[in-house]
Amino acid sequence: MPERPTPHAGPLLLDLSKLTVPASAAQDSWSSRWRAAIAGIFSQIAIDRAWEAIQTGRVLTIEVQDGYIAAQVQDVRLQTQQQRIEVATLSDQEWELATVLLAERALFMAQLLNLHLPKDIEEALDEADISLFPRSQADFQLYCTCNASERACEHNAAVLLAIGECLDQDPFILLTLRGRDREQLTAALSDRRSGAPAHERAAGEQLPTLSAIELQAQRFWKMGDMSAMQIRIAAPEVEMESLKMLGAPEFAGDVSLLERLAPVYQRVTQRALELAYGNDETSAENGAVLIDQVEGTS
Amino acid sequence: MEAILHGTWIVDDYRQLDGMFFVWAERKAALTQSRYQVRVRRHPYAATTIEIAQLLSLYVPGIAWSSTERMTRAALLPSQANSPQVPPWLRMPDDEADDAAPHFAYWRLEGIGVPILQMLEVLTALPAIAKEQQDHHIGVDLQYWSLVAKFGLEQLAGQRYVPGLVSQDKALEAVWLPSLGSDADRERLAQLAEGMPPACSAVVRESGEMEAAAPEPKLLLQNFINTLINQAVREWGGGEALLTGVRRPANLTESWWQALWHPDRRLNVPSSEQRQLSNYYQSWQRWSLSNSDIAASNFGVCLRLEQPDYTAAKNGELPPWVLRYFIQSREDPSLLVPASDVWMERGQVLSYLNYNFEHPQERLLESLGKAARISPAIQRSLLTSNPDHAVLSAEEAYTFLRETAHLLEGLGISVLVPPWWSQPDARLHVRISLHAPTDIHDAGMLGMNSLVQYDWQLALGDELITHEEFERLAALKAPLVQMRGRWVLLQPDQVEAAIAFWERQQKQGALPLNDALALALGADEEIDGLEIGDVELDPLLTDLFERITGSVPIEPLETPPDFVGELRPYQERGLAWLAFMGKWGLGACLADDMGLGKTIQAIALLLHVRAQLPELPSTLLICPTSLVGNWKREVERFAPHLNVVVHHGAKRAGAEELASLASKADLVISTYGLARRDLESLRPISWGHIILDEAQNIKNPITKQARAIRRLQGQRRVVLTGTPIENRLSELWSILSFLNPGYLGSLEAFRRAFAVPIERFQDEETSERLRKLVRPFILRRVKTDPTVIQDLPAKFEHKVYCNLTREQVTLYEAVVQDAMRELKEGEQRDPVLKRRGQVLAMLTRLKQICDHPALYLGDGSVLGARSGKLNRLLEMLDEVLATGERSLVFTQYAQMGQLLQRHLVEYFRREVLFLHGGTSQPAREKMIMRFQEADDAPGIFVLSLKAGGTGLNLMRANHVFHFDRWWNPAVENQATDRAFRIGQSRDVQVHKLIAVGTLEDRIDMLIESKRALAESVVGSGEDWLADLSTDALLDLVTLRADALELASDEDREEHDA
């Protein structure tokens, strides 16, 4: 009996603010795998123009849901064009199989929930002949409101390339696109766990745990080496350095922003220094009291 | 209450800035064990919120912690069957169950929710963590957040934050954001994210979140810092007082400004204008983003400021300052291509020597564009078509040097300024010269309080300036002025300081040698707001200065002729140093490693001084009670001619008698406890030397004991300590203020100037300044010192004489009486075998009493301060642990081993290993492995001698303590040598503890005097003792007079008083 997926949580809105181009040069990064999957679809000219569109911030919105991408990209004349891309999803049977494989190791989900898409997952799925990445051009159906003679236009290219760049940050984009979003997958996995045969549930099984922590049991109470960490609490060499580096904001209308902020920055520095080193007379007593008490407790 | 404070940052939604700091605590003892079947059981060791409030008020007393918000959370912790796993620092010997790998389980915690700014006060007050001195009162989670909070505080003080605008739920919000503009800050933040202990992200709400992923360390950290910056700036920067009260602000900027202060951070602007504002804002912020293309290319932009040639002045007017533009090769920064050449290039690539620079014009323009936003002069220059320089007025040049250059470098543009700018003497400073008073030159001697003549003057550049000259320059009211042909800086605030300086300060006067040395060692960086430049010393002071700073060696002294024995070369150097310091009236701290012979160096000093200065009054030596016997023995051995008085015990002399005894004696030995109790007897006496041994006894400067010690009158002061005091600041102050009163200033001044920056922030600069100040007064040699190690035997043994306590004396005498009566009565009738049995039983009982009354009584009573040996062992282990070395402690009695282990764990709050005959093979291997391999291996390993055997390899230890003796040197050595293989490269010290005046002492002497005989005759074991005649036995076991004299109850409690 193929399981019924729980309802979709809704389209996933991609965060395009951190899009830098092309970020992931690493050969086996997910973005480069994605680029390989879509490589044959577009002409080189379309791809070059697509990067330009991404770079200049003309890719406005991308929403991803199961098997479907909706997007808005401005063309070179800054007219907004609408794109729709259909992507083949994995079948319910394939997902069921994938869920079984993923449930086998808690590590997989732990990593996914921490937004890592480890190579092992792909290898595990590979064995079942399931491919997370679309296998061919035929897996994509492209639409765009621009009047290009062909559908493999630069706008669609920009959408798909931008998605690729986001993959490294959030693997659920790919999983959503291929048929299961985060909620669905979590639900399916917990169904599977609870429905598993009794012998798999160890006696006195603990509550589901924060897996990522469990992985670090060895260093649970340990801090990384901070011996090189120098803290120097002092007023800056140049007042309002960070702010001055930006120059006066044009939108502020007048140039008085710096002047207006100067006393604010001074007061903050003053308070920070007082807190760090103490300056009032009472701190003398407190200091002595502290010595007494701390040594008294040891 | 013994408890460990924990806490972490908890926030439900990372986009919000409304988190709370959750503080909880772990007690040493379990509080409750929940009997109900609940989803989340209560953490059995969790402290109550009342206890948590008490702990918090230790660190920040000013806040009403008891009325702060209570919270309940669940923590996912490594656990065993019925409780969270006991953390390593609390693990007791019985907790053997930790073999099983821990699983994770949720435990309910009650705690206090602390708002971030209040928590900042707590986190700032926590000491920084140094590796060697882990503070086990503070959990590692809290130590981590303390470091993060200090990082945040640094960003605030350093003004590294900007007003920001973020979109949140379809509205724009004004927030204060960390700018994290420099690579160094970003790297440190990444390092913090990387190093977060998992324990920090293990606390969640009791429902819902428990199945979710753990908070990502990076997000948790970022959220904490963002919240901290936003709230601190809002509250400290002026807060709601800055609100103008206008409901509908006139323009976008105004509504932004309002929202930066209003508790409701949302901007009150129509949604149509939001997008516009947000775009403006982003384009403003973008200026700071360093262009990755530029960073990656092979060249950058460089601006060079050139000063006008003052000889070219026309009509008294100088030509302007010029800022020239270049592109600069990254590979070879000396290669500068003038902008004019760049503009001439027609192609996309500029070839220059062997370099090709791509798109040079674009890059240059881009950088100049950024620079123009900061510098109006550059902006002006860009109005021309091919600008290659900007023209700056003197005023602008000053601003450029002070400020703009720094900002440009922050933007990735390199800047060259005239070389004098960075030289400190280009600024106004004070020059000091010091002269020893002339009448002292002949005597060649100064006291710490003798007065040194000073003389100070203002200097600008490398020349002194007169008052008139200064006034003429100041009248120009220009920050950059020329004086005698060179440019110097005359900042307005310095001009004011200089005027005040001239009004207030006497040009000449006298200073105590104390302050003069501190000046010469760089204690102060400025005086009346003016930098201190060179300090000039006259020849006599130079001489002294060079010797105490070690740049010129002190003339060595030979071993005094009446010293019985030979000083090793480094000990002769120590003696010479002590004598030199004394001659100048400077207090000296000899801090050699344990075992290097501080005691005999001090004894040699007494002999040396007695020969040189017979008129110097007698010496007072203060040591812990546990050491009185040892001192007496050592003086008798190395300086038998010295007349020693022990002022100790119930029958000690009263004030008058002591004064007369002291006038005849060379040395009076007393204790810290008595220095306090008998202060009225000790203080009226004017001592020649006062020597403190084990000076960590005055580590807390405000105790009565430490204050009493500081009130004693002595011409010369010496401190002996085996702990590295430089890192223990209150101890350092306490010792230095005994040695050289006033040198480090008042305790409070010292705390502010040194202790706080070092303890809280590990401030390297301050540490270095302090080291420079105190180093001349401390001589510390470690065993591995190349100049010391060549003088040392590869392995050396020494005997540690310990007093008995009164309880031990009583028990000991009772056992001797009973046993001897039995022996005498049965002398004629009992068979030899029975007699032997009786003798051996008596010997065992006596040895047990020497070890510890609790061992003999076997009544499970507390160990406390009832054994002189144990007291001494604790003191010595304390020193060894402080230097980060490891020790083996051997005892013949498995029972003693167990008592020791428990006591040491409680005392030092550290893990202590214990191996005995009954230890299972796997446990034994695990222990040895851990001691030898683990990074955090315990510093103390207790072994019962019988547990030795082949295959024990414990080379990491370099101190071996024999808590009791195996009365056969061959067997003893064999046992220990088999038990550990001594590392070839490391030295091992063997400390043999001996109870003064007991059979241990007697047998030791016997063996020493007949070593050869002993080794052949005594055979194996202790049987030979059993064959002694009853009279000989009686002589052997009877307690000697000195044991009675030294016995005391006052032992340990006085150290802690």
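**Cores, helix contacts and local backbone features of a two-chain model**

Of the 1057 residues that make up chain B, 42% count as buried. This figure, like those that follow, comes from a predicted model. The secondary structure of chain B comprises 41 helices and 36 strands. Contacts in chain B between residues at least 6 apart in sequence join residues at least 24 apart in 72% of cases. For chain A, with its 298 residues, the buried share is 30%. Chain A holds 12 helices and 5 strands, and 70% of its contacts between residues at least 6 apart in sequence link residues at least 24 apart.

We can turn next to the nonpolar interior. In soluble globular proteins, nonpolar side chains tend to be buried together. The largest nonpolar core of the model has 131 residues, and the members that touch the most others are Ala588(B) and Ile735(B). The element giving the most to this core is helix α19 of chain B (residues 598-612), which supplies 8 residues. Because domain 5 (569-788) and domain 6 (797-1048) of chain B both give residues to this core, it lies between them. Another core, of 123 residues, lies apart from this one and includes Trp65(B), Val204(B), Leu228(B) and Leu260(B).

Ile735(B) offers a convenient way into the first of these cores. Leaving aside residues up to four places away in sequence, Ile735(B) touches Cys589(B), Ala695(B), Ile698(B), Val719(B) and Ile725(B). Ile735(B) is also one of the buried residues of α25(B). In this helix, which spans residues 729-739 of chain B, 11 of the 11 residues are buried, so α25(B) is largely enclosed by the rest of the structure. The buried set takes in Leu729(B), Leu732(B), Trp733(B), Leu736(B), Phe738(B) and Leu739(B), and among its other members are Ser730(B), Glu731(B), Ser734(B) and Ser737(B).

The two chains meet in a helix pair that deserves a closer look. Two packed helices are described by the angle between their axes and the distance between the axes. For helix α11 of chain A (residues 257-277) and helix α3 of chain B (residues 140-157), the axes come within 8 Å and cross at roughly 145 degrees. The crossing of α11(A) past α3(B) is left-handed. On the chain A side, Val268(A), Thr269(A), Ala272(A), Leu273(A), Leu275(A) and Ala276(A) take part, and in α3(B) they meet Leu153(B), Leu156(B) and Ala157(B). Sorted by class, this contact has 8 nonpolar residues, 1 polar residue and no charged residues.

Helix α3 of chain B also contains Lys150(B). Since 23 other C-beta atoms lie within 10 Å of its own, Lys150(B) is buried. Not counting residues up to four places away in sequence, Lys150(B) touches Ile231(A) in chain A, together with Thr124(B) and Phe761(B) in chain B. The C-alpha atoms of Lys150(B) and Ala128(B) are separated by 9.5 Å, with these positions 22 residues apart along the chain when counted as their sequence separation.

Two residues that are not glycines have a positive phi, and it is helpful to set them side by side. Leu78(A) has a phi of about 65 degrees and is found in the loop between β3 (68-74) and β4 (80-87) of chain A. With 8 other C-beta atoms within 10 Å, Leu78(A) is exposed. Gln762(B), for its part, has a phi of about 50 degrees and sits in the loop between α26 (747-761) and α27 (764-774) of chain B. Here 21 other C-beta atoms lie within 10 Å, and Gln762(B) is buried.

Two further loop positions in chain A complete the description. Gly247(A) belongs to the loop between α10 (241-246) and α11 of chain A, and is partly exposed, with 19 other C-beta atoms within 10 Å. Its C-alpha atom and that of Leu258(A), 11 residues apart along the chain, are separated by 9.3 Å. Pro171(A) lies in the loop between α6 (154-167) and α7 (172-177) of chain A. Pro171(A) is buried, having 22 other C-beta atoms within 10 Å. Between the C-alpha atoms of Pro171(A) and Arg182(A), 11 residues apart along the chain, the separation is 9.7 Å.

Technical notes
Residues numbered from 1 in each chain as written. Chains lettered and ligands numbered in written order. Predicted model: local features only at pLDDT ≥ 70, side-chain atom pairs only at ≥ 80, totals over all residues. Core = buried A, V, L, I, M, F, W, Y, C linked by C-beta atoms within 7 Å. Buried ≥ 20, exposed ≤ 12 C-beta atoms within 10 Å, placed from the backbone. Helix = DSSP H or I, 4+ residues; strand = E, 2+ residues; numbered from the N terminus. Domains from an automatic or database assignment. Contact = placed C-beta atoms within 7 Å. Axes fitted to C-alpha atoms, helices over the stretch in contact; angles between N-to-C directions. Left-handed = near helix turned anticlockwise from the far one by under 90°. Nonpolar A, V, L, I, M, F, W, Y, C, P; charged D, E, K, R; others polar.
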